[in-house]
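Here's a walk through one model, for anyone who likes to check geometry by eye. Have a look at the sequence and structure first, then read on.

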Amino acid sequence: EYSGMAFALCGTIQGNMGNQAAAARLGEISQQIYDTTNGRSVACWTLLTVTNHIEGYACDVASGMQKYHRGYRLGMEEGDFEAAFISWQSGITLAFMSGYRLPSIIASVASMLETAKLFSIEFTVVTMTITLKFFRRVAGELPMDWKEVEDCEKACKTLTSETSAQELFTWLYKMSVNSILCIYSKRYESAHRIMTKFLRLSDHDKSYLTFQHNLYHYGLSCAGMSRISQTKSARKKYKTKLQGVIKELKRTAHQRGMNGYHRCMLLEAELASLSRKSTVADVERSYEVTISVAAAARHINDASFASELAGDQFVRMDQRDLARTYYAQAWVLYEEWGASSRTRCLEESRGEYLDDESIAYAKETLERRKINVRAMGGGLGVMNTTAIDDDVPLMEGTDQSTLVDVSSNRSKNMNMMSNTTAGAEIATKMMSNSFTTPRTSKGKTSLNGSSKKSPSRHRFPGTNGGDDDDDGNISVLSDGSL
């Protein structure tokens, strides 16, 4: 039963060493083992390992979300609730990185928090409480709490690798979300202190969800520090750090996959804006390409912040018309994303650049950019990152469509719910309506060599759900990617 996990872990090592082809093959083998046998006790952990550490850099968002859905289901079926909830959490993180609208994310996180309480998954309750506050602050539903940022900065001085695992992971969640809030609010000193400590404590984690996203925010903090530093040596130090981040992101993209490459492009635009040799046209071109790619790929969270940063730069360069254009774009994209706190911030700090005419023009420009980039058929190499907000919805516990077996012979964590109607009802509430009704799968070969029917499985609409043999065909998506 553990052979699949062994292949997945070996693939993770190969991927971290830069051999993505071998990593992908090993990840594929690990999943085939569970698709063709009944040895599924660690199938959820294996799927998590493959999706986070091997396929995350290259697979499209829809495929990643479907695999997190499937991992959640496998964990629930086997009674491994911890793994199931981590799959759900990973899906939420991917949704945030990929520009899913904040109201959808908030609904999923709130639902997950309530169901985690029912299943007494303490760690998930703690981390999702932190995460829910973060999303609600970005959405403008809660005010900013800068005391939490101060607490994170204090913790940076005391946390070490010897800190207990639960306490360490709790602080890592707090540090990650609060550093992002600091970057949005241009509190670069706090963001840089927190992210520096975060990266040191999580240096072992090279998964797509952790490594690229947090390294990107660290790069943004370096760019900000280079601007606000008072001495030439300090500005040069942070600029050198930013160059190092860009180099690492490029290396990772070349070796492992192009997902999220627009983040590297934004850091390059920030680097160009720091150079005295860059002309207005050079800077505009750098930001323009980044925003176009991010917006066309539906990463509206990154496109909106890139537009705001472009507006800031053109204010510094005394290019008021360009600043007006990019602030209006930022406002439109923030509104589309559901980030009311950011639209209010722009209105308060840059209201002189916002008016009905500029906002209307920004909407037309953004739509035109999407069409132009998609016409390239994915030629920029990043179109496989397209987020599909409503085609692959986030899981919500209130969607009751499928009954999960959590009877006493399978549940590892909830004896109080064994063989009870209440237990079945709670389990039912945890399932997403992305799954269709159960079907009996084909006969599988069990680990002991006998042939028998495997437990009922469920499939996503339009996919084989991992149950059917892969015919090896390549599908061409409507945006031109494979």
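Which backbone oxygen lies 2.8 Å from a polar atom of the side chain of Thr 170? The backbone oxygen of Gln 166 does. Here a polar contact means a pair of N or O atoms within 3.5 Å; within protein, one must be able to donate a hydrogen and the other to accept it, and residues adjacent in sequence count only if both atoms are side-chain atoms.

Before going further, some ground rules. This is a predicted model, where local features need pLDDT of at least 70 and side-chain atom pairs count only at pLDDT 80 or more, while totals for chains, interfaces and linings use all residues. Residues are numbered from 1 along each chain as its sequence is written, and side-chain values use heavy atoms, with hydrogens and water left out.

**Confidence**

The score in question, pLDDT, is the predictor's confidence in each residue, from 0 to 100. The protein chain averages 80, and 76% of the residues score at least 70. Two stretches sit under 50: residues 377-391, for which the model has 42 contacts beyond four places in sequence, and residues 397-482, with 169 such contacts. Contact means heavy atoms within 4.5 Å.

**Helix 9 and helix 4**

Back to Thr 170, which lies in helix 9 (residues 165-184). Helices are DSSP runs (H or I, at least four residues), numbered from the N terminus. Thr 170 is buried, with a relative accessible area of 13%; buried means under 20%, exposed over 50%, and partly exposed in between (1.4 Å probe, protein chains only). Not counting residues up to four places away in sequence, Thr 170 touches Phe 123, Val 126 and Ile 130.

Does helix 9 come out stretched or as expected? What to compare with is the expected span, 1.5 Å times one less than the number of residues. For the 20 residues of helix 9 that gives 28 Å, and the end C-alpha atoms are 29 Å apart, which agrees. Helix 9 is mostly covered, with 14 of its 20 residues buried. Just after helix 9, Lys 186 takes a positive phi of about 65°.

Helix 4 (residues 61-78) invites the same check: its 18 residues reach 26 Å from first C-alpha to last, close to the 26 Å expected. Helix 4 is mostly covered too, with 16 of its 18 residues buried. Asp 60 caps its N-terminal end, putting a side-chain oxygen 3.2 Å from the backbone nitrogen of Ala 62. Just after helix 4, Gly 79 has a positive phi of about 80°.

**Salt bridges**

Side chains of opposite charge can pair when their charged atoms come close. The cut-off for a salt bridge is a side-chain nitrogen of Lys or Arg within 4 Å of a carboxyl oxygen of Asp or Glu. By this rule the count comes to 23. Here are some of them.

| Pair | N to O distance |
|---|---|
| Lys 117 and Glu 114 | 3.7 Å |
| Glu 270 and Arg 227 | 3.0 Å |
| Arg 263 and Asp 302 | 3.3 Å |

Lys 117 and Glu 114 both lie in helix 6 (residues 102-118), three residues apart, about one turn of the helix. Lys 117 is partly exposed, at 45% relative accessible area, and Glu 114 is partly exposed, at 45%.

Glu 270 lies in helix 13 (residues 261-274) and Arg 227 in helix 11 (residues 208-228), so the pair ties together parts that are 43 residues apart in sequence. Glu 270 counts as buried, at 1% relative accessibility, whereas Arg 227 counts as partly exposed, at 22%.

Arg 263 lies in helix 13 and Asp 302 in helix 15 (residues 300-316), so this pair ties together parts that are 39 residues apart in sequence. Arg 263 counts as buried, at 1% relative accessibility, and Asp 302 counts as buried, at 7%.

There's a network as well: salt bridges link Lys 186, Glu 308, Asp 312, Arg 342 and Arg 350.

**Nonpolar cores**

A nonpolar core is a set of buried Ala, Val, Leu, Ile, Met, Phe, Trp, Tyr and Cys residues joined through side-chain atoms within 4.5 Å. Of the 110 residues in the largest one, Ile 105, Phe 135 and Trp 337 touch the most other members. Helix 16 (residues 320-337) gives the most to this core, with 11 residues. A second, separate core of eight residues includes Met 5, Val 42, Cys 44 and Leu 47.

Notes
Helix = DSSP H or I, 4+ residues; strand = E, 2+ residues; numbered from the N terminus.
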